[in-house]
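Please walk me through this protein model, pointing out which parts of the chain are worth a look and how they fit together.

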Amino acid sequence: MATAMATGAAAAAAGGAGASVEQLVAQTLQAATNPSHEIVQKAEAQLREWEQQPGFFPTIARLSMRRTGCSGGAENTQDSEVKVRWMAAVYLKNGVERYWRPNSRQELPAEQKQQIREVLLRHYDAEEVPQVALQIAVLLGRLARTDYPRFWPELLPTLMKQLQACSADREAALQQRILLVLHYVLKALASRRLMAEQRYFEELGSQIFGYLAWEIWAPLTGRFFELVRKDEALALSALQRAYVVMRSLRKLVVYGCSKPYKSTDHMNFVEQLFQRLRQCLELRYELRMGSNTPGTAAILTELERFVLKMMKTLNELMDRHSVSFARFVPVALEFSFHYVFHEGTALIFDAGDRINFGNFAIQALNMLKGIMLSGNDTISASPEGAAGASIEDELLAGAAQSHAKFFTVERITYICEKIVTHYFLLTQQELEEWQQDPEGYDQDDGGGDAWKYALRPSVETLYFTCFTQHSAVMIQEVLRFVRRAQQLQLTPESDLKAILLKDAIYNAVGQAAFHFFNKLDFGAWLTSQLLAELRVEAPNFRILRRRIIWLVGHWVGVQLPRELRPLAYEACLHLLRPQEDMPTRLAAARTLNLLIDDFEFMPEAFHPYFPSLFEALFLLLHEAGECDTKIVVLGTMTLLVEKMSEYIEPQALQFIAYLPLLWRESEEYDLLRCAIIGTLEQLVRTIRDVPEPMKPFLYSVIELSTDLQQHSHVYLIEDGIMLWLAVIGNSTALTPELLKLCDHLLPIIEMSSENLRTVLQLIHAYILLDAQAYLSRYGEGFVSYCVRSFEDIRVEGIIAMLRIFETCLKTDATMGLRLVRPALPFVFQQVYIKQEYPMTMGWYLTIVARTLLIDQAVFMSVVQELPQADALARILDVWIEMFPMVPDTHAEKRKLFCLAFASIFGSNELLLARLPHILQLVDETLGEVMDKQYAAVEEGATKTTPRYYDSLVIHDEHELDELQQQLGSEDFHAKGYPAKTYHDDRHRQLVLKDPVYKIPLTEYLKYQLQSLQAQLGAQRYEQLLCSVVPEVLERITMYIEQTVPKACVVCPGSGPGSGSETTADETLTEQIESG
């Protein structure tokens, strides 16, 4: 087909077959609109293949245009032509995203772009089908964002010239099409964010704003009011055009002028908006009260859109240009208050107090809230007419005066009363929604700015703002309502109106609960009235039952006494019964979540209620049908598992058995699956011994959530890795299934470093679980990844990798050293160049020390691989220099370095020259690790003699616990795991076999010094020791001679020279090498 297209293009160049190419593409576009899925797929594939052909997009552009003067033809032909134009416009619009942007990989040639621009600008105004005209307008806007004015300077001049040329009366449809294109072009230009582009848009706005406002919008709006009672069709046309130009003016007011208050046109236009809004609202009321004809209904719909667009313009001006809006604060306050709280409410409410224009009320409430908050930004204005007072100061000072004058005590009291007794009342529509969609009722609004777009959240936000700005007045007014509610005693026969009023009062108290701290005795109110109302079983009382338990949840963090918490638990249990309706049960679940997540929660006090509440939540989870509902309930149950870990096991088995079914049901809900994985993780961490039947399910969940080939990994991978970490931590053996999961580890961190920390923790856990199995299969690949990544990752990542290397060397010295060997040149080189970060250098030196202790031949081979001739000397010098920078809290690391230094005592002159410095560092380390214990010199003696022991030497688990409490060293903590896991046990066992915690430093030092003396001879050895500071040598000798086994009492006749030390000396070298 591509060949056919190319052939057609060649024939067109010859002058005869241009139409055949367009015909071929038109047929394919028409096929793309076919109801048959197979035909559509073939057509789309063919179009994708043609995208790379020269001339394809200009051809698409010509097909998207309706040529002026085209013949009508049959209805079927017209319908097919419209479909082709629509599909061509859509395809071209989407193609612009991929092929138009400058410097993109497949950018269209400049000549083709010019052809497309010329075709669009020449024929765009001929399209009469609204759907196609809209696509073309959007397309022109996207091109303008990239090309105007640099590559398409004639665009806006042409549009403005055509707009000025067409007659508003005779060419209404043409004017509307031009205005639509102009709007999308201005919208695209307003969205540009570079400073130069924004300044250009402001210049453009100053040129065209006046014409659009006073030559187009004002006449069209006046024309609409003139014709609305004479000719509905013409009035509707004028209103539609006024609406389109209003959209453009909104962009120009908000983004097209940096300081609107300096522009007379802008200020007059904003003033005109308030006048037109009043006229539109009154006209809307009259039309609603009149005859309901199809023409009237269409005008009402467009009129409401027009009103909302004007309101949004005012609110955006207030948010973005507060100084300019300050001039209109008095008008805006009176306007918004009048229509949502005062006499003007008759225009937006029906006779039965049912709102009929909620979106307008939302905008008016948001305006009132915005002005109320702006009172915080007032300035101390200069006296009127004083020298130095700027226009901005005067505007803001005037706004502050208007603000203070408007929000009087009487006005705030009136607003509070209206909110509580009018807007907080549940409407009939909300009650019907409660009945029809119980799980969807009162779902979370999503947070953020969602309150701006729904009536009840916007009212609640305004109510809370009144508290923040006028708390004293609001507190007194709401307390008056509370007293009224306490005096209003309800019975099962009470009417709905009284119940709704109480619900509104309780809502008012809960919304501002923190403001009533020490102002309202909630505990007394709860026990004297609220709990009694909560027990009433009448049908309408479900409203109060839900609201009361909601109110309890809002008071949990404010002032709910500890002794009343059992009553709250009982209330939650009562409302979680199956016979309660779903909104009430969900409110109880949310309140329970708040109760157990509170700082003052006590598991012992909650324990009597735990089995019943957990069972009730489990039943609610099973009965819930909506994904969001299950997430809420599952979140509460997960928190219960965490907080009640000591008591969960009896309930956990039933819960665990249900989760596989819930997992299968949630296949299409990734967020629910995230919640399930979080619950599984908490369960695994809590119960420690995972039941065998549960393990295949856990492995399948981890497999799915960490498989990069599955689309759901985007949502599940982070939670899946945390579950994986918990499972490994509580595993006692490395099964083939667990080992196979490791196929996913390297791809995860190679794709992104986002999960690098947790993946490295996982690898560390695998090595401790079974180093032989994991390292033999995946060790080389991991080390290779580390070598590739050292230059690109941050310090934290390097340290985590080095920590794993050390674990490899500690678990299996021979195999670990063989695996880590490719990374050693980088480590040694970093030491050579004296890498600046002490923390990182400490870990580099740790790997160097471990290598030296395990195999000196490997150490020397790595040194010889370095390009520098003085590598060994430099490494030793840096090591000695950086030694003091190891923190005092890392005594185990200092001891490791001393063991490594002692292991190379020999006749090498390079080493002998540095021996005095090394012994000085050894002396400092001995002072840190050697502790005193006193023992009798001889039987019956009263005096005691100090003896020393290596405090880091550990013989059993008991000593390990004691040392952990003393040092708090990271060596004793399994990162990523809480205590009491099998992983923690394995980590402790690794500590017990570490030479640092097995071998006394003084004994090994004595052995190595004796070996050095034997190598050098007595005379040379004495000369060497003469170069050591005498005090240092004296202290080292004292530590060596006075060392005794840890917690051992020296008996008479025993001492430093006893034969018991000989056996230890003979085994030191063997212990070091085995470590």
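**From one helix to the whole chain**

Thr851 is found in helix α40, which covers residues 838-854. This is a predicted model, and in it Thr851 is buried, because its relative accessible area is 0% and a residue counts as buried when that area is under 20%. Once the neighbours within four places in sequence are set aside, the residues in contact with Thr851 are Leu817, Leu824, Gln856, Val858 and Phe859.

Helix α40 also holds Met839, for which the surroundings can be described in another way. With a relative accessibility of 45%, Met839 counts as partly exposed, since that class lies between the 20% limit for buried residues and the 50% limit for exposed ones. Although Met839 and Ile799 are 40 residues apart along the chain, their C-alpha atoms are separated by 8.2 Å.

Helix α37 takes in residues 795-811. Its 17 residues should span 24 Å at 1.5 Å a residue, and this agrees with the model, in which the end C-alpha atoms are 24 Å apart. Because 15 of its 17 residues are buried, α37 is largely enclosed by the rest of the structure.

These helices belong to a protein chain that has 52 helices and 2 strands. The chain has 1075 residues, of which 53% count as buried. Among the contacts in the chain with a separation of 6 or more, 74% are accounted for by residues 24 or more positions apart.

Helix α21, made up of residues 471-487, can be read in a similar way: it has 17 residues and reaches 24 Å from its first C-alpha to its last, close to the 24 Å expected at 1.5 Å a residue. The buried residues in α21 are Met474, Ile475, Glu477, Val478, Leu479, Phe481, Val482 and Ala485. What covers these buried residues includes α18 (409-423), α20 (455-469), α22 (496-511) and α23 (522-534).

The aromatic rings offer another way into the structure, in which a search of the whole model finds 49 aromatic pairs. One of them is formed by Tyr463 and Phe467, whose ring centres are 5.1 Å apart and whose planes meet at 75 degrees, so the pair is edge-to-face, given that planes over 60 degrees apart fall in that class. Tyr463 and Phe467 are 4 residues apart in helix α20, and they are therefore separated by about one helical turn. An α-helix has 3.6 residues a turn, so residues three or four places apart point the same way. Both Tyr463 and Phe467 are buried.

Tyr506 and Trp525 form an aromatic pair that is also edge-to-face, with 5.4 Å from centre to centre and 75 degrees between the planes. This pair links distant parts of the chain, for Tyr506 is in helix α22 and Trp525 is in helix α23, 19 residues apart. Tyr506 is buried, with a relative accessible area of 0%, and Trp525 counts as buried at 2% relative accessibility. Elsewhere, one aromatic cluster is formed by Tyr569, Phe601, Phe606, Tyr609, Phe610, Phe614, Phe618, Phe655 and Tyr658.

The loop between α22 and α23 contains Asn518, a residue other than glycine with a positive phi, near 65 degrees. Because its relative accessibility is 56%, Asn518 counts as exposed. Another backbone detail concerns the peptide bond from Tyr148 to Pro149, which is cis, with omega near 0 degrees. Pro149 is placed in the loop between α7 (130-147) and α8 (155-165).

Where, finally, is there open space in the model? The second largest pocket holds about 760 Å³ of space. Of the 32 residues that line this pocket, Asn315, Met318, Asp319, Asn366 and Gly370 are the closest to its centre. At least two residues of the lining are supplied by each of α13 (294-320), α14 (322-325), α16 (358-374) and α17 (391-406), and the largest share, 9 residues, comes from α16. Sorted by class, the lining of the second largest pocket has 14 nonpolar, 10 polar and 8 charged residues.

Technical notes. Residues are numbered from 1 along each chain as its sequence is written. This is a predicted model: local features need pLDDT of at least 70, side-chain atom pairs count only at pLDDT 80 or more; totals for chains, interfaces and linings use all residues. Side-chain values use heavy atoms; hydrogens and water are left out. On a 1 Å grid over the protein atoms alone, a cavity is a set of points where a 1.4 Å probe fits but cannot get out, and a pocket is an open set with protein on both sides within 12 Å along at least five of seven lines; lining residues have an atom within 4 Å of a point. Grid points are joined across faces, edges and corners, and a volume is the space filled by probe spheres set on the points. Ala, Val, Leu, Ile, Met, Phe, Trp, Tyr, Cys and Pro count as nonpolar, Asp, Glu, Lys and Arg as charged, and the others, Gly among them, as polar. The expected span of a helix is 1.5 Å times one less than its number of residues. Buried means under 20% relative accessible area, exposed over 50%, partly exposed in between (1.4 Å probe, protein chains only). Contact means heavy atoms within 4.5 Å. Rings of Phe, Tyr and Trp (its six-membered ring) pair if their centres lie within 6.5 Å; planes under 30 degrees apart count as stacked, over 60 as edge-to-face and the rest as tilted.
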